[in-house]
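Okay, everyone, thanks for coming. I'll take you on a quick tour of one structure, so have a look at it first and then we'll talk.

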Amino acid sequence: MPETWYDTAQICQGGHVINPASVGSPAHNQRFCDKCGQAAITACPGCTAPIRGVFHDGGAAPPRGEYTRPGYCHNCGKAYPWTR
Ligand SMILES: [Zn+2]
Ligand SMILES: [Zn+2]
């Protein structure tokens with residue numbers, strides 16, 4: 001694992017951020033959203049690129065709550081399901 005890296009976010013298809021650090025903190029992962037019941041995804045439905053989560057800058061783990069979910073895939077530009 002490199003010193004600085006983007007974690008992968010786990011977000012439900014309704015747009016609720018379930019876990020902004022699904023790789024670094026997998027204990028918080030859920031298969032389904034506990035707010036709306038929709039399935040959680042960790043990758044772009046269009047190109048399967050991982051959804052960018054929190055950025056690890058090599059220091060202490062970033063605090064939960066500072067993360068803002070992306071509206072569009074950084075790799076293919078497609079809108080995520082919650083953006084439509
Ligand atoms: Zn949800
Ligand atoms: Zn994509």
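Let's start with one cysteine: Cys36 is partly exposed, with a relative accessible area of 35%. Quick reminder before I go on: this is a predicted model.

So what is Cys36 doing here, and which residues join it in coordinating the zinc ion (ligand 1)? The partners are Cys12, His16 and Cys33. The cysteines bind through SG and His16 through ND1, at 2.0 to 2.3 Å. If you read along the chain, the spacing of those donor residues is C-x3-H-x16-C-x2-C. Now, the angles: the 4 donor atoms around this zinc ion (ligand 1) subtend 104 to 114°, and that's why we call the arrangement tetrahedral. The cut-off, if you're wondering, is that all angles lie between 85 and 135 degrees. And Cys33? That one is buried, at a relative accessible area of 7%.

On to the other zinc, ligand 2. Here the donors are the SG atoms of Cys44, Cys47, Cys73 and Cys76, at 2.3 to 2.4 Å. This site is tetrahedral too, with angles of 106 to 111° among its 4 donor atoms. Along the chain, the donors are spaced C-x2-C-x25-C-x2-C. Cys47 sits in the loop between strand 4 (40–41) and strand 5 (52–56), while Cys73 is in the segment after strand 5, so this pair ties together parts that are 26 residues apart in sequence. Is each of them buried or partly exposed? Cys47 is partly exposed at 24% relative accessibility, whereas Cys73 is buried at 4%.

Stay in that loop for a second, because I'd like you to find Thr42, which is also between strand 4 and strand 5. Thr42 is partly exposed, at 31% relative accessibility. Leaving out residues up to four places away in sequence, Thr42 touches Thr8, Ala9, Gln10, Ser22, Pro50 and Ile51.

Last stop, the rings. There are 2 aromatic pairs in the structure. One of them is Tyr6 with Phe55, a tilted pair, 4.9 Å centre to centre with 55° between the planes. Tyr6 is in strand 1 (residues 5–8) and Phe55 in strand 5, so the pair links parts of the chain 49 residues apart. Both rings belong to partly exposed residues: Tyr6 has a relative accessible area of 42%, and Phe55 has 40%. Tyr6 has another neighbour to look for: the charged end of Arg52 sits over its ring, 4.2 Å from the centre.

That's the tour, thanks for listening!

Terms used:
Residues are numbered from 1 along each chain as its sequence is written. Chains are lettered from A and ligands numbered from 1 in the order in which they are written. This is a predicted model: local features need pLDDT of at least 70, side-chain atom pairs count only at pLDDT 80 or more; totals for chains, interfaces and linings use all residues. Side-chain values use heavy atoms; hydrogens and water are left out. Donors are N, O and S atoms within 2.8 Å of the metal (3.2 Å for Na, K and Ca); water is not among the atoms, so sites may look incomplete. Four donors count as tetrahedral if all angles lie between 85 and 135 degrees; four count as square planar and six as octahedral if opposite donors are over 155 degrees apart and all others between 65 and 115; anything else is irregular. Buried means under 20% relative accessible area, exposed over 50%, partly exposed in between (1.4 Å probe, protein chains only). Helices (H or I, at least four residues) and strands (E, at least two) are DSSP runs, numbered from the N terminus. Contact means heavy atoms within 4.5 Å. Rings of Phe, Tyr and Trp (its six-membered ring) pair if their centres lie within 6.5 Å; planes under 30 degrees apart count as stacked, over 60 as edge-to-face and the rest as tilted. A charge sits over a ring if NZ of Lys or CZ of Arg is within 6 Å of the ring centre and within 35 degrees of the ring normal.
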